[in-house]
Every structure is written in structure tokens, then in C-alpha cells.
Amino acid sequence: MPIIHWFRRDFRLYDNTALWHAAGDAPDGIIPVFIFDDDILRHPDTGGPIVQFMLQCLAELRDSLRRAGGDLVLRHGRPAEELLELARAGHASAVYFNKDYAPGAIERDACVQRLLQRDGIAVRAFKDQVIFEEREVLAESSGRPFTVFGPYRRAWQKRFDEIAADGGLRVAPRPRLRFPAALRTLRSIDLPQAADLGFSVAQTFEIDAGEQAARRMLRQFCAGPIRRYAQMRNLPAIVDGTSRLSPHLRHGTISPRQCIAAALEARREGGAAFREGVDGWLAELIWREFFQQILFNFPRVEHEPFKAIWHRLKFPSDERAFERWWRGTSGVPIVDAAMRQLNATGWMHNRLRMIVAMFLTRDLLLDYRLGERYFMRNLIDGETAQNNGNWQWSAGCGTDAQPWFRIFNPVAQARRFDPDGAFVRRWCPELARVPVEFIHEPHLMSADAQRTARCRIPGDYPAPMVDHGQARRRALEFFGSLRRSAQSQRPPESTDGLR
């Protein structure tokens with residue numbers, strides 16, 4: 001009897017754990033399936049860019065399966081019901097899939113398992129999108145999940161070194177795929193366009209979708225740029241300063257095992273010259289797993305701050321300020337350039353994500369959840385655990401030992417990481433003629449300098465909507481009052497709250 005492989009966030013044939021096992025366990029072949037789930041498509045965090053990128057990945061996956069002699073069955077509906085109907089129609093004995101750790105996905109998968117098992121259909125879920133999942137990395141002293149990255153990273157590395165020494169980091173090759181004759185007779189919808197699913201997409205992606213693009217990008221990155229990663233990763237104007245693989249890890253067109261294996265091979269071949277860059281990049285992959293295990297063990301963070309004391313906060317409401325932030329018209333060039341990059345391409349450089357998040361939560365003093373949702377709706381790599389963890393880190397309300405008093409100065413950040421203004425000039429072309437000394441604070445130009453630069457402020461470009469010095473003092477007072485309140489009201493035994 002055949003086995004259904006349910007694709008979800010694993011749009012690849014190489015090193016796909018559930019697919020590998022399905023191919024090996026199914027004497028009569030596999031039935032590859034993807035289901036357009038309305039609970040996801042109608043979720044307020046789902047936006048057009050991520051749907052469009054997903055559709056491009058699906059198109060390549062379907063073509064790869066067809067070249068292998070099979071096809072991709074596409075359905076639209078409730079996963080449990082569609083899988084049950086497919087299993088019956090295709091006489092499948094089991095459904096295999098790779099795990100997802102978001103609360104909604106866990107609930108959905110439990111529903112699928114209950115319904116299918118009642119009908120005698122086996123269900124197997126596999127760890128695939130992380131090296132260590134759920135509660136595999138715990139504090140030795142307490143047996144509890146880590147809530148601070150540093151200790152988690154050390155424990156993660158220790159476990160990884162142990163399994164790597166035993167040959168445990170296995171990157172599976174592409175399996176030999178067989179398909180049942182019934183595959184051709186199963187009902188399948190045409191691959192839709194984003195508009196068919198109710199989404200409009202204005203972005204022009206600068207990152208190619210699909211498994212082949214992911215593997216090519218990984219090879220190119222590990223062949224050279226990873227050597228300079230520690231020095232270049234924070235410079236947004238450097239195109240190859242980062243791997244830009246985040247959309248591919250999000251959609252599973254590349255696996256973390258492939259990434260780690262390629263990075264370690266680059267370090268072995270390149271020697272000491274590659275060590276710093278490789279180690280820095282691996283640390284980012286560990287951050288990804290840290291946030292995954294936080295979401296699994298503390299699912300409430302999906303909707304509320306990790307630090308319980310923050311529930312008392314009432315943030316100011318300023319729709320106009322929020323609009324200027326997301327439109328890229330704040331009057332702070334590095335913030336505006338970053339938001340325009342996001343709005344135009346569906347992606348943003350990681351250093352810029354921290355800068356714009358800090359600006360929203362500190363300079364504008366707005367609720368981090370506004371920015372968190374905006375990112376999810378506009379990123380092609382929007383992933384619940386990562387996005388939530390990074391926004392709570394920036395806001396100071398997450399799993400962080402250095403919270404509310406960390407406030408980025410956006411101009412200082414811009415001068416450090418975009419010193420000649422190359423990135424700003426690309427995305428804010430009205431500032432193209434502004435001299436370097438004023439590129440990050442163009443409002444300080446004299447009237448004559450503005451005329452020479454053909455950039456009137458306000459007019460061609462807005463004046464800053466806030467003064468950072470004043471905004472910083474306001475933020476310190478706002479969050480400092482919360483700290484004082486916590487110290488006076490928190491029970492001594494509590495470990496929640498601001499530290």
C-alpha cells in the first residue's frame with residue numbers, strides 16, 4: 001500500500017526526513033500531497049508575499065516530482081478531511097509529515113492524527129526543520145527549557161558535538177521515488193495564483209524561490225562569503241554579506257542539516273581563515289532553534305510578552321506614527337530605507353530588522369505586536385518563532401537578560417553599518433545627492449546645501465518625526481516605571497518580570 005507524504009514546510013526532495021522514510025517504507029510508492037489550508041490562508045498574519053513565494057516553491061517542487069515520474073496532488077480545504085479522503089481514494093496505509101512547532105500547527109496535527117487513526121490509517125511525524133527540537137536541550141541542573149540564549153547555545157553545541165562525533169549529522173540524499181498508478185486518478189486542483197487565494201502581491205522578490213535556488217545559494221555562500229561573514233553580516237549594502245537563506249529555511253527548500261554540513265565543510269577546507277565566519281553563521285542557526293524551543297515550551301509568547309510584568313503596560317496609540325513607520329517616511333533615513341526594502345522585496349537585512357524594531361518600540365513607544373504582525377504580513381520569510389522572538393528581543397519583553405534599557409540610536413547604527421550611505425541612497429533616491437556627512441541626518445543641511453542636493457526638508461524628504469534624545473528619555477521613564485512597579489509588587493519567589 002502507498003504512503004502519503006504531506007508537504008507543509010519542506011518543499012524539497014533532498015534531505016527531507018519524512019519523505020526519505022516514506023519512500024523507504026512504502027513498497028507501492030508515495031503519494032505527494034500539499035493542502036491549501038484556509039485556517040492559514042485566512043489568518044491575519046498571512047500576507048501576499050509569503051503566499052507568492054510559497055507558490056513559486058510549490059511550482060518547482062511539482063515540476064521535480066513530475067520529472068521523477070510522479071506528480072504533486074493539490075487540495076484546498078481542511079487538512080484532516082482532505083487527507084482522510086485521499087488516503088481512502090489512494091488506498092494509503094499511512095500519512096507521513098515533518099513536524100511544525102507553532103501552537104496552531106500542533107493543534108492541527110493532533111486533529112489529523114485523531115481522525116486518520118480512527119480510520120485505521122497510521123500517522124508518523126518526524127523532526128526535520130531543526131537539529132534539536134522541543135525539550136531535547138534542557139538545563140542539566142533543573143531539567144527545564146533554557147530561556148536565555150547564551151546557556152542554550154553552549155548546551156546545544158555540547159549536544160551537537162556529541163552526536164557529530166558519532167556520525168550523527170546525516171544529510172540524506174534524494175530518495176529513490178516510486179509512485180502508485182492511482183496517483184494519476186486522484187482529484188487534484190490546478191496550482192493557483194496568489195490572486196485566486198485572495199492575495200495581491202506588489203513586491204519584486206530579489207531572492208529566487210525553490211530547492212535548486214536554495215542549494216545554489218548555499219554553495220555560493222560557503223564557497224567564499226561565509227569567510228567574511230563576521231565582518232560583513234551587519235552591512236546592508238553588501239549583497240553577499242549574509243547568506244539570504246532565511247526564506248529557504250522558512251519554506252524548507254533547504255534543511256538546517258544541509259546548511260550546517262556545508263558550513264562545517266567550508267571550515268575544514270578553508271582552515272583558520274574561515275573559522276570566525278562559519279562560527280558566527282552557525283550561531284544564527286542556533287538562534288533559530290532557540291526561538292523554536294521557546295515557542296514550543298512557552299506557547300503563550302505567540303500572543304503575549306514572555307515577561308509577565310509587561311502585561312500591565314498600556315502603550316500609546318498613534319496610527320499616524322505607525323503608518324509613517326511602515327511607509328518609510330519617518331524622516332530617519334536608515335529606518336525609511338529598511339522599510340522600503342521590505343515593502344518592495346519582501347525581505348529585510350537582519351541588522352535593519354533590529355534597527356526598525358527598536359525605533360518602533362523605543363523612539364515611537366508603540367506596541368511591538370504592531371510591528372510583529374506587519375513583518376509577518378510582508379516578509380517572504382515570516383516565521384512565527386523567529387519573528388516573535390526577535391520582536392520581543394527588540395522590545396525588551398522576551399527571553400533576554402538585557403531588556404528595556406537597551407535602546408539603539410538609529411543614526412549611530414546607520415553611521416556604523418552604512419557609513420557612506422550606499423544602502424540609504426538605493427532605497428531613498430530623493431537623498432541620492434546628499435553629501436556623506438549629512439546622509440543620515442539630512443535635516444541638518446543648510447538651506448543652500450538642500451538646494452545643491454536637490455532635497456528640500458520637509459518637502460522632498462520629511463523631517464524626523466521624533467528627536468531620538470527626547471524619545472530615549474521618554475522610553476527610559478516609561479519602562480523604568482514598570483520596573484519600579486515590578487520590584488514593589490512581584491512576589492520574591494517569582495522569576496518572571498524585568499531583570
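Q: Which residue in S5 does Ala94 stand opposite?
A: Ala94 stands opposite Ala122 in S5. Strands and helices are DSSP runs numbered from the N terminus (helices: H or I, at least four residues; strands: E, at least two). The model is predicted: local features need pLDDT of at least 70 and side-chain atom pairs count only at pLDDT 80 or more, while totals for chains, interfaces and linings use all residues. Residues are numbered from 1 along each chain as its sequence is written, and side-chain values use heavy atoms, without hydrogens and water.

Q: Why are S4 and S5 said to pair?
A: Two strands pair if DSSP finds at least two bridges between them. S4 and S5 have five bridges, in the parallel sense, and therefore meet the criterion. Strand S1 (residues 3-7) and strand S4 (residues 94-98) also pair in the parallel sense, over three bridges. In S4, Ala94 is the bridge partner of Ile3.

Q: What makes S3 and S5 the edge strands?
A: The open sheet has five strands in the order S3-S2-S1-S4-S5, with parallel pairing. Strand S3 (73-76) and strand S5 (122-126) each pair on one side only, and are the edge strands. From one strand to the next, the twist averages 25 degrees.

Q: Which strands does helix H3 touch as it packs on the sheet?
A: Helix H3 (residues 48-67) touches S1 and strand S2 (30-36), contact being heavy atoms within 4.5 Å. The direction of H3 makes about 165 degrees with that of S2; axes are lines fitted to C-alpha atoms, for helices over the stretch in contact, and angles between N-to-C directions run from 0 to 180 degrees.

Q: Why is the unit of S4, H5 and S5 called right-handed?
A: A crossover earns this name if, with the strands pointing away from the viewer, the path from the first strand over the helix to the second runs clockwise. The β-α-β unit of S4, helix H5 (residues 103-118) and S5 is right-handed.

Q: What distinguishes a pocket from a cavity?
A: On a 1 Å grid over the protein atoms alone, a cavity is a set of points where a 1.4 Å probe fits but cannot get out, whereas a pocket is an open set with protein on both sides within 12 Å along at least five of seven lines; lining residues have an atom within 4 Å of a point. Grid points are joined across faces, edges and corners, and a volume is the space filled by probe spheres set on the points. The largest pocket holds about 1,300 Å³. Among its 44 lining residues, Asp39, Ile40, His43, Ala105 and Arg108 are the closest to its centre. H5 gives the largest share of that lining, seven residues. The largest cavity holds about 100 Å³.

Q: What makes Asp15 and the bond from Ile457 to Pro458 notable?
A: Most residues other than glycine have a negative phi, and most peptide bonds are trans. Asp15 is not a glycine, yet has a positive phi of about 50 degrees; its place is in the loop between S1 and helix H1 (17-25). The peptide bond from Ile457 to Pro458 is cis, with omega near -10 degrees.
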